[in-house]
Amino acid sequence: MIRILSAASGRAAAAPRWLKDTPSRKMHRTCDVAVVGGGIVGLASARELILRHPSLNFILLEKEPELAVHQSGHNSGVIHSGIYYTPGSLKARLCVRGATLAYEYCDKKQLPYRKCGKLIVAVEQEEIPRLKALYERGLQNNVRDLSIIDANGIREREPYCRGIMALDSPYTGIVDWRMVALRYASDFQEAGGTVVTGYEVNDSSMVTESPAGSNEGLKYPISIRDTKGNEVLCRYVLTCGGLYSDRLSQISGCSREPRIVPFRGDYLVLKPEKHYLVRGNIYPVPDPRFPFLGVHFTPRMDGSIWLGPNAVLAFKREGYRVYDFNVRDFVDALSFRGLQKLILRNITYGVREMYRGVFIGAQVKILKKYIPEISLSDVLRGPAGVRAQALDRDGNLVDDFVFDGGVGDVGSRVLHVRNAPSPAATSSLAIAEMVADEVESRFSL
C-alpha cells in the first residue's frame, strides 16, 4: 500500500495523516526532482535541496511503510566528534562540521540530546602510543575540548571504569537519530515536498514519447517505476539507497562496484539495576589491524545502556536477527571477490566475532577489562543493527564518499550517493550540503 504525505496533508513527520492509493488505480505523479531513499541521508539531502530551491517540486520515495527504519533507526545514537578520521579528509571535515550542525539543529528544533562525553580508554601499555596518536589526530581535526587524562581522571569521570590513560571527548553526545530524521522529513514537507512510502523502485528509464494530449514526456523525461507498476515522472533523480545503494545504481547502468556488503552488529543491554556503572560513552582504543572499532558502552536517550556491538556478516541486507536469510543477498555477498579477500585477511577476527555473538560470556569478558564489576548476570541480549559496508574488488573497505551518475541519457540526469560512510548520521546535515552542491554542479536546476 502506497502512502503519500505532503505539506497539505500533515506537518509532523512522526504522526502524519496519510493519503492512501486505491488498489485499482496506479499512481502517476510528476516532479522536478525525485529523491529515492527515506533514511537520514536521503531526508537531509531532500531537505537541503528544497530549502535551496523552494520553487521546484520535490518528491521523496521510500520503499518501507515508514521513514528511517533501517540504518537510521538501528544505530548507537552517538553524536561523534571526529576523532578517528584521517586529518584533512572529507570524512573528518564532514563529521566535525556535522556534529556542530547537529547540536545547533537540535537546539533550534527543541529535540532532546545529551552531551554525556566519551572516553577512549587504554587498558594496556601497548595501547598508549595509539591513544596519543588519536589525540594528535583529533587536534588536527579541530575536535572540541579534547584532552588526555590519567587513571585518576578516568575515575573522576567514570567511577567504575579502569584504565591507565584515556582520551576525553566531552563534546561527544547522544541523540535519537530516527527522531532527528523524522524532523528532517517534517521540514521537507513543510517546505512543500511530498513523501511517498511503500514505493520500491525497480526501474528507471527515459520517457520515449509523451502521453496522448500531454507534454509531460518532454518536461519530465525520467520515468521511475516501482514493483507494483506505479510511476513517477521527473526531471532529475537523486538516490540515497543505503543498504541498496549499489542495486539502485545498477538500474541506471552503473558498475556493480563498490559493492554493499551487510554486517550485523549485535548489542547486549545492561540491566537497569546496573546502569549506575556507566555515565557516558566508553570506547576501546581501536586496533588498526581490524576494520571495526570494537565493543563499547553506549548510554541511550531512553535511559538504557547498550554494550557492543560485534561485527559479523549478515545473510540478509535487512537481517537484524541471527537466522534472517535471503538467498539473493547471501549469494551476492559470498560470490563477490572483494568479500572473499576481506574474509581471508581477517579470518581469525571474523571467527572471534561470530563466537562472541553466540557466547555472550566472551563479550562480557572483554567488557570487564573496562568495568570489572560487570558480570554475565548483569546483561541481556539486546537489539542489532546492520551496516551497509561498501567494498571494492580488492577487499578494501571504501571509507570515502562515492558519487555515480550511470551511463547514457538516464545517467546524465541521475546522481547516486553510493557510499556515505559512518558516521553518516552525525554528518548528515554536512553531507546534505555536499550532496546539494554536487546536484547543483551536475544539473541545471
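Two strands pair if DSSP finds at least two bridges between them. Helices (H or I, at least four residues) and strands (E, at least two) are themselves DSSP runs, numbered from the N terminus. This tour follows a predicted model, in which local features need pLDDT of at least 70 and side-chain atom pairs count only at pLDDT 80 or more, while totals for chains, interfaces and linings use all residues. Residues are numbered from 1 along each chain as its sequence is written, and side-chain values use heavy atoms, with hydrogens and water left out.

**Stop 1: strand E22**

Select residues 414-419, which make up strand E22. Six of the six residues of this strand are buried (under 20% relative accessible area; exposed is over 50%, partly exposed in between, with a 1.4 Å probe and protein chains only). Strand E22 is therefore largely enclosed by the rest of the structure.

Next, add strand E21, residues 402-404, which pairs with E22 in the antiparallel sense over three bridges. Within this pairing, Phe-403 stands opposite Val-417. Then add strand E14, which runs parallel to E22 and is joined to it by three bridges. Here Leu-238 has Leu-415 of E22 as its bridge partner.

**Stop 2: Gly-242**

Strand E14 covers residues 231-239, and Gly-242 is placed in the loop between this strand and helix H7 (245-251). Is Gly-242 buried or partly exposed? Gly-242 is partly exposed, with a relative accessible area of 30%.

Show the residues in contact with Gly-242 (heavy atoms within 4.5 Å). Leaving aside neighbours within four places in sequence, they are Gln-71, Ile-260 and Ala-388. Select Gly-42 as well: its C-alpha atom is separated from that of Gly-242 by 8.9 Å, although the two residues are 200 residues apart along the chain.

**Stop 3: Arg-317 and its salt bridges**

A salt bridge is a side-chain nitrogen of Lys or Arg within 4 Å of a carboxyl oxygen of Asp or Glu. The structure holds 31 salt bridges. Select Arg-317 and Asp-246, whose closest N and O atoms are 2.7 Å apart. This pair links distant parts of the chain, 71 residues apart: Arg-317 is in the loop between E19 and H8, and Asp-246 is in helix H7. Arg-317 counts as buried at 1% relative accessibility, and Asp-246 is buried, also with a value of 1%.

Now add Asp-329, which meets Arg-317 in a salt bridge of 4.0 Å, N to O. Asp-329 lies in helix H8 and Arg-317 in the loop between E19 and H8, so the pair ties together parts that are 12 residues apart in sequence. Asp-329 is buried, with a relative accessible area of 5%. To display the network of salt bridges, select Asp-246, Arg-247, Arg-256, Arg-259, Arg-317, Asp-329 and Asp-332.

**Stop 4: aromatic rings**

Rings of Phe, Tyr and Trp (its six-membered ring) pair if their centres lie within 6.5 Å; planes under 30 degrees apart count as stacked, over 60 as edge-to-face and the rest as tilted. A search of the whole structure finds 11 aromatic pairs. One of them is formed by Phe-315 and Phe-325, an edge-to-face pair with 6.5 Å from centre to centre and 70° between the planes. Both residues lie in the loop between strand E19 (312-313) and helix H8 (327-334), so the pair ties together parts that are 10 residues apart in sequence. Phe-315 is partly exposed, at 34% relative accessible area, and Phe-325 is partly exposed, at 45%.

Then select Tyr-103, Tyr-113 and Tyr-171, which ring pairs link into a cluster.

**Stop 5: a sheet of three strands**

Three strands form an open sheet in the order E5-E10-E6, with antiparallel pairing. Which strands stand at the edges? Strand E5 (78-79) and strand E6 (113-114) do, each with a single partner strand, so one side of each is left without a neighbour in the sheet. Two bridges join E5 to strand E10, residues 173-175. Val-78 stands opposite Ile-174 in E10.

**Stop 6: His-53**

Finally, select His-53, found in the loop between helix H1 (40-52) and strand E4 (58-62). His-53 is buried, with a relative accessible area of 17%. Apart from neighbours within four places in sequence, His-53 is in contact with Phe-58, Glu-440 and Leu-445.
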